[in-house]
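This report describes how a ligand is held by its protein. The sequence and the structure are shown first, and the surroundings of the ligand are then described.

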Amino acid sequence: MLDLWYTENHTDNVRFSIKTNKHIHSETSPFQQIDFFESEEFGTFFTLDGLMMVNEKDEFVYHDMITHVAMATNPNIKKVLVIGGGDGGTVRELTRYASIEQIDMVEIDERVVRLSQEYLPITAGKLTDPRVTLLFEDGLAYVKNKEDGYYDLILVDSTDPIGPGEGLFSHDFYNNCFRVLTDDGILINQHESPYYPSYAHEMKRAHSKIKGLFPITRVYQFHMPTYPSGHWLFGFASKKFDPLKDADLDAWNALGLKTKYYNTDIHAGAFALPTFVKEMLNDA
Ligand code: AAT
């Protein structure tokens, strides 16, 4: 029997491989190369331009952490914008909150959504929730044209800053996010990884831009087995709420949501960063 391995470069000197049973789908969309695979260890997974985006086994870590930290900080969030996130996992977690009234998802590549609906119903299953509006356009242009003070929460569930995701790491983009957020709005953004220098460089760049715009800026971490180094970060930027001082963790627990990674101990713990990460962020 032939061994079929999916391999991606995490750096020029480090590779990560997954044994696969099947290469289910491959196409080049107008924006990127899209591939879906089936594997024993990670179930179905898909890659964009040769980088792991989502798999059935560890997606809960990422989607819990992008969503619940902000939702526990401000339980009154009603209007949410998701940028990217075509697999639907972030939207799935948001739809669990009865209090959320509107979820707009702006994804540049409709093909990611349609293929996820076909092959990854585990993440895409809630994209048909009546509160969800799908918009297929560039998130950068979307926030540029949106009116001031509209969203309570923006979740930037984007690819890394290469290819179509590049603009979602620009000063212009973060500035427009600030503008379209309400006075107590929160922005969660892709913050890359502190470990390998090429990723740490992007982390610092993103952080320095956001630090100059929002009064409250924090970074929190989680364990993502299939992302480079397994050590991944999101940025928490906000106009009013501090994720540690202002979070109503008892109120979040009272909602009774069952989660597999996030809990209110993790909420506090995730903001405790290793010394080398703190130093890099202070320098940023
Ligand atoms: N839920 C985790 C999945 C992703 S995929 C990120 C999505 O961002 C992709 O579907 C991609 O098409 C979309 N995207 C990229 N650029 C833009 C843009 N400019 N506007 C709107 N959507 C965009 C995240 C994986 C993170 C991987 C970290 N290594």
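Domain bounds, as used here, come from an automatic or database domain assignment. In this predicted model, domain 1 (4-55) and domain 2 (59-283) both give residues to the shell around the ligand, so the ligand lies between them. Two elements, β5 (51-55) and α1 (59-73), each supply at least two residues of that shell.

In total, 28 residues surround the ligand, and the closest are Q32, H63, D87, E107 and D157. Sorted by class, the shell contains 11 nonpolar, 10 polar and 7 charged residues.

Several side chains place an N or O atom at a short listed distance from a polar atom of the ligand, as the table sets out.

| Side chain | Ligand atom | Distance |
|---|---|---|
| E107 | oxygen | 2.5 Å |
| D138 | nitrogen | 2.9 Å |
| D157 | nitrogen | 2.9 Å |

Taken alone, the ligand exposes 670 Å², of which the protein buries 99%. Where does the ligand sit with respect to the cavities? The space that the ligand takes is the largest cavity.

Methods: Residues numbered from 1 in each chain as written. Predicted model: local features only at pLDDT ≥ 70, side-chain atom pairs only at ≥ 80, totals over all residues. Heavy atoms only, no water. Near = heavy atom within 4 Å. Polar contact = N/O pair within 3.5 Å; in protein donor to acceptor, adjacent residues only side chain to side chain. Areas by Shrake-Rupley, 256 points an atom, 1.4 Å probe, with all protein chains shown as cover. 1 Å grid on protein atoms, 1.4 Å probe; cavity = no way out; pocket = protein on both sides within 12 Å on 5 of 7 lines; lining within 4 Å. Sits in = over half its atoms within 2 Å of the grid points. Helix = DSSP H or I, 4+ residues; strand = E, 2+ residues; numbered from the N terminus. Nonpolar A, V, L, I, M, F, W, Y, C, P; charged D, E, K, R; others polar.
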